[in-house]
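Let's take a walk through this model together, one selection at a time. Keep your viewer open and your selection box ready.

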Amino acid sequence: MQVFAYYADTYEAQAHTRVAAIGERDGAPWVAVEHCLFHPQGGGQPADRGWVDGHEITPVRDHDSGLVVAVACGGDALPELSVGQPVEVRIDLPLRTAHAALHTAGHLIEAAGRAQGWVLAANNHFPGQARVEFNAPTPDARLDTPEGREEVTEVLRVEVAKAIAQDWPVTWENDAEGRRIVHLARLHSAPCGGTHVRSLGDLADVVLPTLKVKKGRIRVSYSAAHRERS
């Protein structure tokens with residue numbers, strides 16, 4: 001049995017566990033571990049960087065088995081492992097928290113956009129590419145001019161800054177259908193399989209350039225970092 005430990009604790013960086021399964025993917029061996037720290041790429045979030053017994057791996061979702069499997073990368077090779085064998089696993093925690101900050105900031109921007117009456121159309125939480133895209137069900141005259149777009153972007157910036165200053169908690173639960181629902185306190189709730197910060201006060205350097213409108217979509221690009229707390 002595999003437990004997706006990254007759901008329970010974004011900040012768990014290493015663990016002792018056991019091999020749950022082994023196999024091959026495109027001719028390359030993979031290993032799945034019982035206590036899985038490794039978040040695979042998905043939901044607009046990049047994959048973690050991780051290690052199994054010191055060997056660098058890339059986590060991938062195996063859709064046939066439902067497991068998150070670790071595939072060797074960087075020219076390294078996995079050693080021969082057997083089911084039940086003890087192994088040590090760890091992740092690049094600074095990279096994980098950077099991804100979690102971007103993902104959480106994306107949810108917060110979505111909440112601010114929804115408060116303008118917009119509807120989520122798409123999102124991307126990759127570093128250097130992070131953006132949230134919306135549709136406006138009713139015309140919004142502010143989007144028609146550069147000055148108006150800057151005006152509404154400033155409204156979003158203010159709402160985001162206020163929420164971060166309040167340091168609202170970020171929590172999750174499974175709904176009746178088994179979906180993982182992430183909550184930004186009373187501001188926002190959405191089904192999500194990503195990693196997130198503990199509370200909005202963990203976000204730092206959240207920057208929103210003036211939004212753009214392309215092919216009828218409102219594109220809010222952004223950057224964010226994880227705050228260093230003492």
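Start by selecting Asn-124 and showing its neighbours: leaving aside residues up to four places away in sequence, Asn-124 touches Gly-44, Gln-129, Ala-130, Arg-131 and Tyr-222. Please keep in mind along the way that this is a predicted model. Asn-124 belongs to strand β9, which covers residues 119-124. Is Asn-124 buried or exposed? Asn-124 is buried, because its relative accessible area is 12%, and the cut-off for buried is under 20%. Now zoom in on its side chain, which reaches the backbone nitrogen of Phe-126 at 2.8 Å.

**Stop two: a network of charges**

One of the neighbours you just displayed, Arg-131, leads to the next stop. Select Arg-131, Glu-133, Arg-217 and Arg-219 together: a network of salt bridges links these four residues. Within this group, look at Glu-133 and Arg-219, which form a salt bridge whose closest N and O atoms are 3.1 Å apart. This pair links distant parts of the chain, since Glu-133 sits in strand β10 (residues 131-135) and Arg-219 in strand β16, 86 residues apart. The two ends of the bridge can be coloured by accessibility: Glu-133 counts as buried at 8% relative accessibility, while Arg-219 counts as partly exposed at 26%.

**Stop three: another bridge across the sequence**

The count of salt bridges in the model comes to 13, and the next one to select is Arg-49 with Asp-92. Their closest N and O atoms are 3.6 Å apart. Where does each partner lie? Arg-49 is in the loop between β4 (35-36) and β5 (50-52), and Asp-92 is in the loop between β8 (86-91) and α2, so this salt bridge ties together parts that are 43 residues apart in sequence. Arg-49 is partly exposed, with a relative accessible area of 35%, whereas Asp-92 is buried, with 18%.

**Stop four: helix α3**

Now select residues 146-166, which make up helix α3. Try placing a distance between its end C-alpha atoms: they are 31 Å apart, which agrees with the 30 Å that 21 residues should span at 1.5 Å a residue.

Next, colour the buried residues of α3, which are Gly-148, Val-152, Thr-153, Leu-156, Val-160, Ala-163 and Ile-164. Which side of the helix do they take? They cover an arc of only 150° around the axis, which puts them on the same side of α3. As a reminder of helix geometry, an α-helix has 3.6 residues a turn, so residues three or four places apart point the same way. To see what the buried residues of α3 pack against, show α2 (93-114), β14 (203-207) and β16 (217-221). Then rotate the view: the face turned away from the buried side carries the exposed residues Glu-147, Ala-165 and Gln-166.

While you are on the helix, pick out Arg-157 and Glu-154. They form a salt bridge, with the closest N and O atoms 2.9 Å apart. Because they are three residues apart in α3, about one helical turn separates them. Arg-157 is partly exposed at 23% relative accessibility, and so is Glu-154, with a relative accessible area of 38%. Before leaving, step past the end of the helix to Asp-167, which follows α3 and has a positive phi, near 55°.

**Stop five: a buried threonine**

Select Thr-195, found in the loop between β13 (188-191) and β14. At 0% relative accessibility, Thr-195 counts as buried. Its neighbours, apart from residues up to four places away in sequence, are Tyr-6, Thr-10, His-39, Gln-45, Arg-96, His-99, Ala-100, His-103 and Thr-104. Among them, Gln-45 deserves a distance label: its side chain makes a polar contact with the side chain of Thr-195 at 2.9 Å.

**Last stop: the cysteines**

Finally, show the cysteine sulfurs. How many disulfides are there? The count comes to zero. Select Cys-36 to see why: its sulfur is 15 Å from the closest cysteine sulfur, in Cys-73, which is too far for a bond. Cys-73 is likewise in no disulfide, with the sulfur of Cys-36 as its nearest cysteine sulfur. Cys-36 is buried, with a relative accessible area of 0%, and Cys-73 is buried with 18%.

Terms used:
Residues numbered from 1 in each chain as written. Predicted model: local features only at pLDDT ≥ 70, side-chain atom pairs only at ≥ 80, totals over all residues. Heavy atoms only, no water. Helix = DSSP H or I, 4+ residues; strand = E, 2+ residues; numbered from the N terminus. Expected span 1.5 Å × (residues − 1). Buried < 20%, exposed > 50% of the residue type's maximum accessible area, 1.4 Å probe, protein only. Arc of directions from axis to C-beta. Contact = heavy atoms within 4.5 Å. Polar contact = N/O pair within 3.5 Å; in protein donor to acceptor, adjacent residues only side chain to side chain. Salt bridge = Lys/Arg side-chain N within 4 Å of Asp/Glu carboxyl O. Disulfide = S-S within 2.5 Å.
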